[in-house]
Amino acid sequence: MKEKIYNTIGINYRANRRADQRIVANLRELLNLPTGAVIADIGAGTGNYAQALAGLGFKIMAVEPSEEMRSQATPHRDVEWFSGPAEAIPLPDHSVDGVMVVLALHHFSSLEKAGNEIHRICPKGPIVIYTFDPRQGEEPWFKNYFPEAYQKDFVSFPPIDEIADLIAGPGPWEKSIHRFPLPHDLSDKVMYAGWNKPEIYLDPKFRQNVSGLALSPENIVQKGVDALRIDLESGKWDKQYGHLRQQESFDVGFRFIKCVK
């Protein structure tokens, strides 16, 4: 996993990246584990989802390589923290009842190695991954202002079926994929969270906490921000896309993957 990335863009991460309860509900339902079960959260970040699942009665082993991210975690008696990457998870064999990965997969340096490590600590699953595939959803207006960041997602995020095959690996694994259209009031401000609130892209603190924008050249991002600001002030954006402000959700391609033996 790319530790240095989040040591930089992880600053003040919790301000914009709060656990959304609808994502939490999906994680709980798909994991389908009894209260008290031990769950490994790989790429746990600041622990927002680890803490949410712990609050539901689970024991969480939170694995995160970035010191900056771990330092922002709120202590919880049922969340134990470990420093390490997905490709070398610092947990014993057969040590957890389930595994979750929440919007971290695209920062793994090797999906194959991460999959092998996940199987080592949880040989039969369930493994639940919340990720993104831009090929799966509707084309967002975002691409007209930030085309480089949008196109980069087609490289950063492999096709969802390929991810499911890589993480499950060979053998009698059952795989399923579940749609998650982004709600209009999503509290976990991912890069596409502003599909109906374009004003958030004008906020540099928001842009800092989404890797797709934070890792793009500053001059290119600023060009998109300036164009968006002009179109918002002139009313052009609302003339073209204002109907989105009335929608409840937008399917841009976020998905849950479940793998279990």
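This briefing covers the overall build of the chain and then one of its helices, H8. The model is predicted. Its secondary structure consists of twelve helices and nine strands, and 54% of the 261 residues are buried.

**Overall shape**
- The radius of gyration of the chain is 18 Å, which agrees with the value near 18 Å expected for a compact globule of 261 residues.
- The C-alpha trace spans about 60 × 35 × 30 Å along its principal axes.
- Of the contacts between residues at least 6 apart in sequence, 72% link residues at least 24 apart.

**Surface and charge**
- About 11700 Å² of the chain is exposed, and 50% of that area comes from carbon and sulfur atoms.
- There are 30 positive and 34 negative side chains in the chain.
- The centres of these two sets of charges are 1 Å apart.

**Helix H8**
- Helix H8 covers residues 160-168, and its buried residues are Ile 160, Ile 163, Ala 164, Ile 167 and Ala 168.
- These buried residues lie on the same side of H8, because they cover an arc of only 115° around the axis.
- An α-helix has 3.6 residues a turn, so residues three or four places apart point the same way.
- The buried residues of H8 pack against one other helix, H5 (111-121).
- They also pack against three strands: S5 (127-132), S6 (174-179) and S9 (254-260).
- Gly 169 follows H8 and has a positive phi, near 75°.

Definitions and conventions
Residues numbered from 1 in each chain as written. Predicted model: local features only at pLDDT ≥ 70, side-chain atom pairs only at ≥ 80, totals over all residues. Heavy atoms only, no water. Buried < 20%, exposed > 50% of the residue type's maximum accessible area, 1.4 Å probe, protein only. Helix = DSSP H or I, 4+ residues; strand = E, 2+ residues; numbered from the N terminus. Arc of directions from axis to C-beta. Contact = heavy atoms within 4.5 Å. Rg over C-alpha atoms; globule rule 2.2 N^0.38 Å. Areas by Shrake-Rupley, 256 points an atom, 1.4 Å probe, with all protein chains shown as cover. Lys, Arg positive; Asp, Glu negative; His and termini not counted. Charge placed at Lys NZ, Arg CZ, Asp CG, Glu CD.
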